[in-house]
Amino acid sequence: AAEAGAPLPAAAALRARFAGTGAPRGGPSVAGDATARTVLWLGCPTDGTRTGDAALALFAAAGEPVRCEAAGECCGSVAYDLGLAPEAASLARAAAAGLAGADRVVVASPSCARMMREEWPRLGIDAPPVTTAVEWLASAAPALPLAPATGAVAWHAPCTLTRALGVVEEGPAVLRALGYDVREPAATGIDTRCSGAGAAYPLVDAAGAAAVAAVRRAELAALDAPPVTACASAGRALGAADLLVLAAERLVR
């Protein structure tokens, strides 16, 4: 529709933002080991969150060197979802250049992981093997020095993480390893309900996205436990804590 010239205000606004900043949002600014062969990709959805610092703390506790991509980098996911193919390809190529020489990339944002795994190849762009941060944390958790938690949490399974990437059991498994009683709404796992925050949807239909989020917030509130998720966009929409941050808070200093 965008290529055919249809009037899409969200696409026009995002194109103007790309022209000024090069990314749909600002990027998180975190450090890391510049020589590491594993890259931590936070993605612009995590801007303004504690995800980056939490992830670096977890990698350090696991004894795994990691470098974090430069602030402001964007995988092109939001642009691609809006039909801005040239902008998406340009962003993706720049992002891929920053991953050159890496053995793997651990991705915090599910939408970024899906973009790299599925859409980059369609654009003719290569990436190192992509692992979601949830998968990495599930494998690293048994060796981490974690103080056991108590109480219950309500798990929101991000739809891109579960439906698109097939990462279903790892999030609840990490929470149980931390010591939490995990409560889930009826619509969860591969059948999870959307938070309304996926990709470009809030830019195109803000009212609809808010209505979808309200339904999910009510389902989580009925579980009578603080909500937790593994997607920064969903976390904002639902007022949910981030799984990486929750895990980092349990590290024994």
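## Packing of α6 and α8

Helices α6 and α8 are oblique to each other, because angles that are neither under 35 degrees, nor over 145, nor 65 to 115 count as oblique. In this predicted model, the two helices pack at an angle of about 40°, and their axes lie 9 Å apart. Helix α6 spans residues 133–140 and helix α8 residues 170–178. Their crossing is left-handed.

On the α6 side, the residues that meet α8 are Val-134, Glu-135, Leu-137 and Ala-138. Their counterparts in α8 are Glu-170, Gly-171 and Val-174. Sorted by class, this contact comprises four nonpolar residues, one polar residue and two charged residues.

## The sheet

An open sheet is formed by four strands in the order β2-β1-β3-β4, with parallel pairing. Strands β2 (67–68) and β4 (130–132) are the edge strands, each pairing on one side only.

Between β1 (residues 38–41) and β2, the parallel pairing runs over two bridges. Val-39 stands opposite Arg-67 of β2.

## Helix α6 against the sheet

Helix α6 also packs on the sheet, where it touches β3 (104–107) and β4. The direction of α6 makes about 70° with that of β4. Helix α6 thus has contacts with α8 through residues including Leu-137, and with the sheet at β3 and β4. Of these two strands, β4 is an edge strand.

Technical notes: Residues are numbered from 1 along each chain as its sequence is written. This is a predicted model: local features need pLDDT of at least 70, side-chain atom pairs count only at pLDDT 80 or more; totals for chains, interfaces and linings use all residues. Side-chain values use heavy atoms; hydrogens and water are left out. Axes are lines fitted to C-alpha atoms, for helices over the stretch in contact, and angles run from 0 to 180 degrees between N-to-C directions. A crossing is left-handed if the near helix is turned anticlockwise from the far one by less than a right angle, and right-handed if clockwise. Contact means heavy atoms within 4.5 Å. Ala, Val, Leu, Ile, Met, Phe, Trp, Tyr, Cys and Pro count as nonpolar, Asp, Glu, Lys and Arg as charged, and the others, Gly among them, as polar. Two strands pair if DSSP finds at least two bridges between them.
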